[in-house]
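Work through these exercises with the structure open beside you. Try each task before you read its solution.

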Amino acid sequence: MERKTTVISSEQLRQQQEFCGRIRRRWEEAGILPTAFVDTYGCQQNEADSERIRGMLEQCGYTMQDGEEGADVIVINTCAVREHAEQRVLGNVGALVHTKRRHPGQKIFLCGCMMGEPAVAEKIRKSYVHVDGVFSTHHLWEFPSLLYRVLDTGKRVFATEDEAGSIAEGLPVVRSSAFKAWVSIMYGCNNFCTYCIVPYVRGRERSRRPEDVIAEVKELVESGCRDITLLGQNVNSYGKDLQCGVDFADLLAELAQLPGDFLLRFMTSHPKDATKKLFDTMAQYPKIARHIHLPFQAGNDRVLKEMNRRYTAAQYLELVDYARSVMPDIVLTSDVIVGFPGETDAEFEDTLNLVERVRYDALFTFIYSPRTGTPAAEMPDPATRQEKLARFDRLCAAQNRISEEKHREYVGKTVRVLVDGVDDGVLTARTGGNRLVRLENGTEDLIGQYADATITGANTWSLMGKL
């Protein structure tokens, strides 16, 4: 099929704005102030998508609320990366039949990655008849027209056609924070790791024009945003489809030279596309956080090949060593999968050895979850659940020890932090390396501001500090 990226035109977006106006007038004429609830599962990209869904809903006249009960519209933005997330979503969607019974006019929409799976969309069509609308990530920009159709006809709508994907600039956005922001710089993925469903549900890689990204970041900084995270399934491959001579390191450098007091982060990097140029750029500009999330997934070369990761453990370690040579203070985090089909005890030991060699600040650890439609789901998998759990426990124990040891190295140091919230009556903050700091003093008027904190204590999960 055609895999060329679709750029949504200004005329198409204007038409969606007209649907927003129609919906708003509909409620005004009825004398009703409608409410909406958007629930998000999964990654930061889903969070960024939900901010745009909220933006479109507000243009339609809706006020956001914090729960499902009584909302005129519910939108559930789903994740398909792990089976547990899917089952949790389906359980919660099933429970919404009760809220709709109490509020018959309620409209329920499902969107996100799960809705890009044909089997799931069909299951919703047949078994969850209280759901009014379904749309995949490719059709997010069309949400106002889909909502209008449901309100106008009372009939269900399904927009789940498979396609390469689209880029829609200028969608309205309601951000969840005044001082932190997600900025998507690209969408989709071309890597086809054998365990991953993302390329099938989010389409092929497509990069936003650098001038559009720069304009959005500049506007955020001018509005007082302090912490900006650039998003992509693989930010390191940014620009390859544009053929404009700008790669990810170039984009970072341009953004880091914008005036203002802010910090740039990015998620997520694929090791096969990480370059020395990227690390040199990070080292050169103080406004780029000294933190990289560089998923290695497994420490054994055979397993990496079966995963279609396209690098070896030695190549990965070479990247880590170079990054630390130019940025000795860099914070390294990663993802790792335990129990990939066919992984042996000896191969798991290679993963454990890599963790001990690199000494990550933190790891996101997962037991392999088969995803229907991916090659790994068809691979022989002789290891038992108990064997995988035993490996998982050993990995977590090793990383917890390393995290606590690395955190204790902060004690006595003074670091710059962004105060970002309150938890159990205690101010919280983040270091440049994204380490959580629980502050012993300070008032809530500091939230959204940078401050210096002396680290007074540490544990596996966080640091303690005093302003």
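## Exercise 1: an enclosed helix

Helix H5 is largely enclosed by the rest of the structure, because eight of its 11 residues are buried. Keep in mind that this is a predicted model.

**Task.** List the buried residues of H5, then find what covers them.

**Solution.**
- Step 1. Begin at the start of the list: Phe 143, Pro 144, Ser 145, Leu 146, Leu 147 and Tyr 148 are buried. Val 150 and Leu 151 complete the list of buried residues.
- Step 2. Look for helices around them. The cover includes H1 and helix H2 (44–59).
- Step 3. Look for strands. The cover also includes S4 (73–78), S5 (107–112), S6 (133–135) and S7 (157–159).
- Step 4. Step just past the helix. Gly 154, right after H5, has a positive phi of about 75°.

## Exercise 2: two helices in contact

**Task.** Describe how H1 and H5 pack, and name the residues that make the contact.

**Solution.**
- Step 1. Choose the descriptors. Two packed helices are described by the angle between their axes and the distance between the axes.
- Step 2. Apply them. H1 spans residues 10–30 and H5 spans residues 143–153. Their packing angle is about 40°, and the axes are 8 Å apart.
- Step 3. Give the hand. H1 and H5 cross in a left-handed way.
- Step 4. Name the residues. H1 brings Gln 16, Phe 19, Cys 20, Arg 22, Ile 23 and Arg 26. H5 brings Phe 143, Pro 144, Ser 145, Leu 147, Tyr 148, Leu 151 and Asp 152.
- Step 5. Sort them by class. The contact has eight nonpolar, two polar and three charged residues.
- Step 6. Pick out one pair. Arg 22 lies over the face of Tyr 148, 5.5 Å from the ring centre.

Another arginine sits over a ring elsewhere: Arg 416 is over the face of Tyr 450, at 3.9 Å from the ring centre.

## Exercise 3: aromatic pairs

**Task.** How many aromatic pairs does the structure hold? Then decide whether Phe 192 with Tyr 200 is stacked or edge-to-face, and do the same for Phe 296 with Tyr 360.

**Solution.**
- Step 1. Count. The structure holds 12 aromatic pairs.
- Step 2. Take Phe 192 and Tyr 200. Their centres are 5.3 Å apart, with 80° between the planes. Planes over 60 degrees apart count as edge-to-face, and this pair is edge-to-face.
- Step 3. Check exposure. Phe 192 is partly exposed, at 25% relative accessible area. Tyr 200 is partly exposed too, at 34% relative accessibility.
- Step 4. Take Phe 296 and Tyr 360. The centres are 5.6 Å apart, and the planes differ by 5°. Planes under 30 degrees apart count as stacked, and this pair is stacked.
- Step 5. Place the second pair. Phe 296 is in the loop between strand S14 (291–293) and helix H10 (301–306). Tyr 360 is in the loop between helix H12 (345–358) and strand S16 (362–367). They are 64 residues apart, and the pair links distant parts of the chain.
- Step 6. Check exposure again. Both Phe 296 and Tyr 360 are buried.
- Step 7. Widen the view. Phe 296, Tyr 311, Tyr 316 and Tyr 360 form one aromatic cluster.

## Exercise 4: backbone features in loops

**Task.** Where do Phe 192, Gln 297 and Thr 268 lie? Note the backbone feature of each.

**Solution.**
- Step 1. Phe 192 lies in the loop between strand S10 (186–187) and helix H6 (198–202). Its phi is positive, about 50°, although Phe 192 is not a glycine.
- Step 2. Gln 297 lies in the loop between S14 and H10. Its phi is also positive, about 70°, and Gln 297 is not a glycine. Gln 297 counts as buried because its relative accessibility is 8%, and the limit for buried is under 20%.
- Step 3. Thr 268 lies in the loop between strand S13 (263–267) and helix H9 (276–284). A cis peptide bond joins Met 267 to Thr 268, with omega about -10°.

## Exercise 5: sequence and space

**Task.** Which residues does Gly 61 contact, leaving aside its neighbours within four places in sequence? Do the same for Ala 121.

**Solution.**
- Step 1. Place Gly 61: the loop between H2 and strand S3 (63–64). Gly 61 is partly exposed, at 29%.
- Step 2. With those neighbours left aside, Gly 61 contacts Arg 24 and Pro 34.
- Step 3. Compare with Arg 26. Gly 61 and Arg 26 are 35 residues apart in sequence and 9.4 Å apart in space, C-alpha to C-alpha.
- Step 4. Place Ala 121: helix H4 (residues 118–127). Ala 121 is buried, at 5% relative accessibility.
- Step 5. With neighbours within four places left aside, Ala 121 contacts Met 115, Phe 158 and Thr 160.

Notes. Residues numbered from 1 in each chain as written. Predicted model: local features only at pLDDT ≥ 70, side-chain atom pairs only at ≥ 80, totals over all residues. Heavy atoms only, no water. Phe/Tyr/Trp six-rings, centres within 6.5 Å; stacked < 30°, edge-to-face > 60°. Buried < 20%, exposed > 50% of the residue type's maximum accessible area, 1.4 Å probe, protein only. Helix = DSSP H or I, 4+ residues; strand = E, 2+ residues; numbered from the N terminus. Lys NZ or Arg CZ within 6 Å of the ring centre and 35° of its normal. Axes fitted to C-alpha atoms, helices over the stretch in contact; angles between N-to-C directions. Left-handed = near helix turned anticlockwise from the far one by under 90°. Contact = heavy atoms within 4.5 Å. Nonpolar A, V, L, I, M, F, W, Y, C, P; charged D, E, K, R; others polar.
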